[in-house]
Amino acid sequence: MLIKTRGVVLNYIKYRETSIIARVYTEQLGLQSYIINSVRTQRKGSRIALFQPFTLLDMVVYTSRQGGLTRISEYKCSYPFVSIPFDIRKSSIVMFLSEVVSRTVKEEEENPPLFQFLYQAILAFDELEEGFENFHLVFLLQLGHHLGFGASSGKEIVEQVAFSANAQSATSAPTVLALQAYEEYFDELLNDPARTTIPNGRVRRELLSVLVRYYQLHVDKLGEIKSLAILSEVLAE
């Protein structure tokens, strides 16, 4: 059966000589994996760019009662980006966030609020010309609510991370005190992100590190986010 749906590309892996298997979060079917043939070629007209992280697609897809890999009958870009592919800061943020989403969103069923959040957040991010240095932090905080472990305060985040199993040691007290200094920043990001007063890149990186640890506490087998190091380097200032 064929279904028309919008989709958010998360990532892809190479498959055979010229094909890929793309993971796409769809509006109608949740997380799906599709085989797309003959897109990794040097010929003019190659469409591999349409499967970069967070690309927004309009698709007609096949469905199967057995689940598993299916195919896309038709696909096109629903919104050509105007800034994300051309700004290394934005493309690094997108790479990081798409990896987090791909590791945390697993359901193969529709979730309209989650899809709308992803779709609208990506649109808004592409349109921002400045003031997007905290976007990934706000995104993670809001995504947590859609995944069922959203925090209501900075204190909640800090206490869970500080007193997690890996923090229980004789030397954990200074760590707890250091983390408490970030409660105010998390409160600002949660309640009024446009007025957040994060002073510099160092504090921003430390806040991100705390948030990643918070996710690791709540998402089973989340593991290491490989693109975190790249993002931290790009957003060093």
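Glu133 lies in the loop between H2 and H3. In this predicted model, that residue offers a convenient point of entry. Is Glu133 buried, partly exposed or exposed? Its relative accessibility is 36%, and because a residue must fall under 20% to be called buried and over 50% to be called exposed, Glu133 counts as partly exposed. The chain also brings distant parts of the sequence into view here: Glu133 and Ile198 are 65 residues apart along the chain, and their C-alpha atoms are separated by 9.8 Å.

From this loop one may turn to the overall plan. The protein contains five strands and eight helices. Read along the sequence, these elements follow the pattern β-β-β-β-β-α-α-α-α-α-α-α-α. The C-alpha trace spans about 55 × 40 × 30 Å along its principal axes. A compact globule of 237 residues would have a radius of gyration near 18 Å, and the value of 19 Å for the protein agrees with this. Contacts between residues at least 6 apart in sequence tell of the folding of the chain: 65% of them join residues at least 24 apart.

The interior comes next. Of the 237 residues in the protein, 47% are buried. The largest nonpolar core has 59 residues, and those with the most contacts inside it are Phe54, Phe96, Phe139, Leu140, Phe186 and Tyr215. Several elements each supply at least two residues of this core: strand E1 (2-15), helix H1 (88-104), helix H2 (112-127), helix H3 (135-147), helix H4 (154-162), helix H5 (172-180), helix H6 (183-191) and helix H7 (201-218). Of the contributors, H2 gives the most, with nine residues. Apart from this core lies another, of 16 residues, which includes Ile20, Phe51, Val61 and Tyr75.

Leu140 gives a closer view of the contacts in the largest core. Which residues does Leu140 touch, when those up to four places away in sequence are not counted? They are Phe96, Leu97, Val100, Leu208, Leu211 and Tyr215.

A residue among the strands may be examined in the same manner. Thr70 belongs to strand E5 (residues 70-77). Its relative accessibility is 9%, so Thr70 counts as buried. Leaving aside residues up to four places away in sequence, Thr70 touches Ser33, Tyr34, Ile35, Tyr62, Thr63 and Ser64.

Two loop residues deserve attention for their backbone angles. Arg16 sits in the loop between E1 and strand E2 (19-26). Its phi is near 55°, a positive value in a residue other than glycine. With a relative accessible area of 68%, Arg16 is exposed. Ser38, in turn, is found in the loop between strand E3 (30-36) and strand E4 (56-62). Ser38 also has a positive phi, of about 55°, although it is not a glycine. How accessible is Ser38, and what does Ser38 count as? At 43% relative accessibility, Ser38 counts as partly exposed.

The description ends with the surface and the charges. The protein exposes about 12800 Å², of which carbon and sulfur atoms supply 50%. There are 24 positive and 27 negative charges, and the mean positions of the two sets are 11 Å apart.

Conventions
Residues numbered from 1 in each chain as written. Predicted model: local features only at pLDDT ≥ 70, side-chain atom pairs only at ≥ 80, totals over all residues. Heavy atoms only, no water. Core = buried A, V, L, I, M, F, W, Y, C linked by side-chain atoms within 4.5 Å. Buried < 20%, exposed > 50% of the residue type's maximum accessible area, 1.4 Å probe, protein only. Helix = DSSP H or I, 4+ residues; strand = E, 2+ residues; numbered from the N terminus. Contact = heavy atoms within 4.5 Å. Rg over C-alpha atoms; globule rule 2.2 N^0.38 Å. Areas by Shrake-Rupley, 256 points an atom, 1.4 Å probe, with all protein chains shown as cover. Lys, Arg positive; Asp, Glu negative; His and termini not counted. Charge placed at Lys NZ, Arg CZ, Asp CG, Glu CD.
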